[in-house]
There are 2 protein chains.
Amino acid sequence: MVVDDADDGGLSRLFHALSDPTRRDILRRCAHGDQSVSRLAAEYPMSFAAVQKHVTVLERAGLVSKRRRGREQLVRTEPDALAKARRALDELEALWRGRVERMSALLAQESPTPRPPAQGLRHCEEHTEAHTDEQDPRKGPES
Amino acid sequence: MVVDDADDGGLSRLFHALSDPTRRDILRRCAHGDQSVSRLAAEYPMSFAAVQKHVTVLERAGLVSKRRRGREQLVRTEPDALAKARRALDELEALWRGRVERMSALLAQESPTPRPPAQGLRHCEEHTEAHTDEQDPRKGPES
DNA sequence: ATCATCTACAACCATTTGGTTGTAGGTTAG
DNA sequence: CTAACCTACAACCAAATGGTTGTAGATGAT
C-alpha cells in the first residue's frame, strides 16, 4: 500500500499476499507439488486472469516463483519468504515476552516470592494485570 | 476482503492487519508497553482519526484489545493472535517440507545411497530440482 | 462551571484491489 | 500448416482502503 519498494524489505507485500484465502490456498496446493497456472485456475470459481493476478501478487511478494515447462508455467512456493514472515512475527512475540519478563522481574523484586522468575520463556497464560507503569506521568505535549 | 465473518477464522483479517507498516509499528510500541491512542497518534505523521482507524483494524483482527483508564483508552497487544498467524505459516512450511520429504524418499528408494534419508527435518537448502511428477500427464479438460 | 483532553464516528475523497472481458503471442498436437 | 491450449497483458468496473476534516460525547483539571 503506497509502499513503492524497499520500505520494509517487502514485509508489507508479504503479509498482504497472505491476507487472501485464495492466495493461501494456492500456496497450499503449490507446496504440495508444483502446479501450472491453468491447472490452478481450474480449481477456483473465477476467471483464469483473476488467478493469474493472484499468482502475480504471490510472485511479487517472493512467495512463489515460476518456471517454464513446455507451454505451461509451473508455480512453486518459495519457503524463504514464509520464513521471513515468520521471523517478523517472532520478533513481535519476542518484544511482547520481553515486556512480560521485565514486568515479572519488577514484581519478583518488589514482593518476596510471587513465583519463580519466569525461567522457561513459556507462553505466559495469565495476562498479568497492572499496566506496566511504562508511560511517564502526564508529560505535557512538546509544543 | 469481501470476507464477512468466519470464512477462515479471521486469518485473512489477521494477515491484512499485519500488512501495514504503521500497524506493525503500533504493535511494536504496544508490545513494549500499553499505549493510549492519543500517545500513539502523536508518533505518526497522520491524523488522530487515521491512527484510530489503524487501531480498529488491529482490534477487529484480534491483535490488540483496548481497556479504559480514566479518559484514555489503553491499547495492548494480544499475543494469541500473533500465535495464530504463526501457526498458519508453520502449517504452510510443514506442507512444503512434507513434499520435500516425499521427494527425498522417492529419490532415496530409486538410487542406492544418494544421501541418508533426510533424518532431521532440516530446512533442506537445495531446491531439489525435478518436478515431483505429481501432475498426471495431460489429462484432457473435463468439458 | 468551564475548559482542555481523549475518544468516537460520520462524510468525503484518491487510490488500490479483486474481479471481469477481450486481444495477442508462443507451444504442442494432428 | 492449422487447430487447440497455455499464458500474458491491457482496459474497464465495483468495492474496499487509507487518508482527510468536522462534529459530538465523556472524562479530568482548574
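In this predicted model, 21 residues sit around DNA strand C, and those that come nearest are Ser47(A), Lys53(A), His54(A), Ser38(B) and Gln73(B). On the DNA side, sugar and phosphate make up 61% of the strand C atoms that come within 4 Å of the protein. Sorted by class, the protein surface near this strand breaks down into eight polar, seven charged and six nonpolar residues. At least two residues of that surface come from each of these elements: helix H4 (48–60) of chain A, and helix H3 (37–41), H4 and S3 of chain B.

A few phosphate contacts can be picked out. The backbone of Ser38(B) puts a polar atom 2.5 Å from a phosphate oxygen of DNA strand C. For Arg23(A), an N or O atom of the side chain is 3.2 Å from a phosphate oxygen of the strand, while for Lys66(B) a polar side-chain atom lies 3.5 Å from one.

Now for the chain B sheet. It is an open, antiparallel arrangement of three strands, ordered S1-S3-S2. Strands S1 (35–36) and S2 (64–69) of chain B are the edge strands with a single partner each, so one side of each has no neighbour in the sheet. S1(B) is joined to S3 (residues 72–77) of chain B by two bridges, with the strands running antiparallel, and Gln35(B) stands opposite Val75(B) in S3(B). Helix H2 (residues 21–32) of chain B packs on this sheet, touching S1, S2 and S3 of chain B, with its direction at about 95 degrees to that of S3(B). Helix H4 (residues 48–60) of chain B also packs on the sheet, touching S2 and S3 of chain B, and its direction makes about 120 degrees with that of S2(B).

Definitions and conventions. Residues are numbered from 1 along each chain as its sequence is written. Chains are lettered from A and ligands numbered from 1 in the order in which they are written. This is a predicted model: local features need pLDDT of at least 70, side-chain atom pairs count only at pLDDT 80 or more; totals for chains, interfaces and linings use all residues. Side-chain values use heavy atoms; hydrogens and water are left out. Two strands pair if DSSP finds at least two bridges between them. Helices (H or I, at least four residues) and strands (E, at least two) are DSSP runs, numbered from the N terminus. Contact means heavy atoms within 4.5 Å. Axes are lines fitted to C-alpha atoms, for helices over the stretch in contact, and angles run from 0 to 180 degrees between N-to-C directions. A residue is near a molecule or strand if one of its heavy atoms lies within 4 Å of it. A polar contact is a pair of N or O atoms within 3.5 Å; within protein, one must be able to donate a hydrogen and the other to accept it, and residues adjacent in sequence count only if both atoms are side-chain atoms. Ala, Val, Leu, Ile, Met, Phe, Trp, Tyr, Cys and Pro count as nonpolar, Asp, Glu, Lys and Arg as charged, and the others, Gly among them, as polar.
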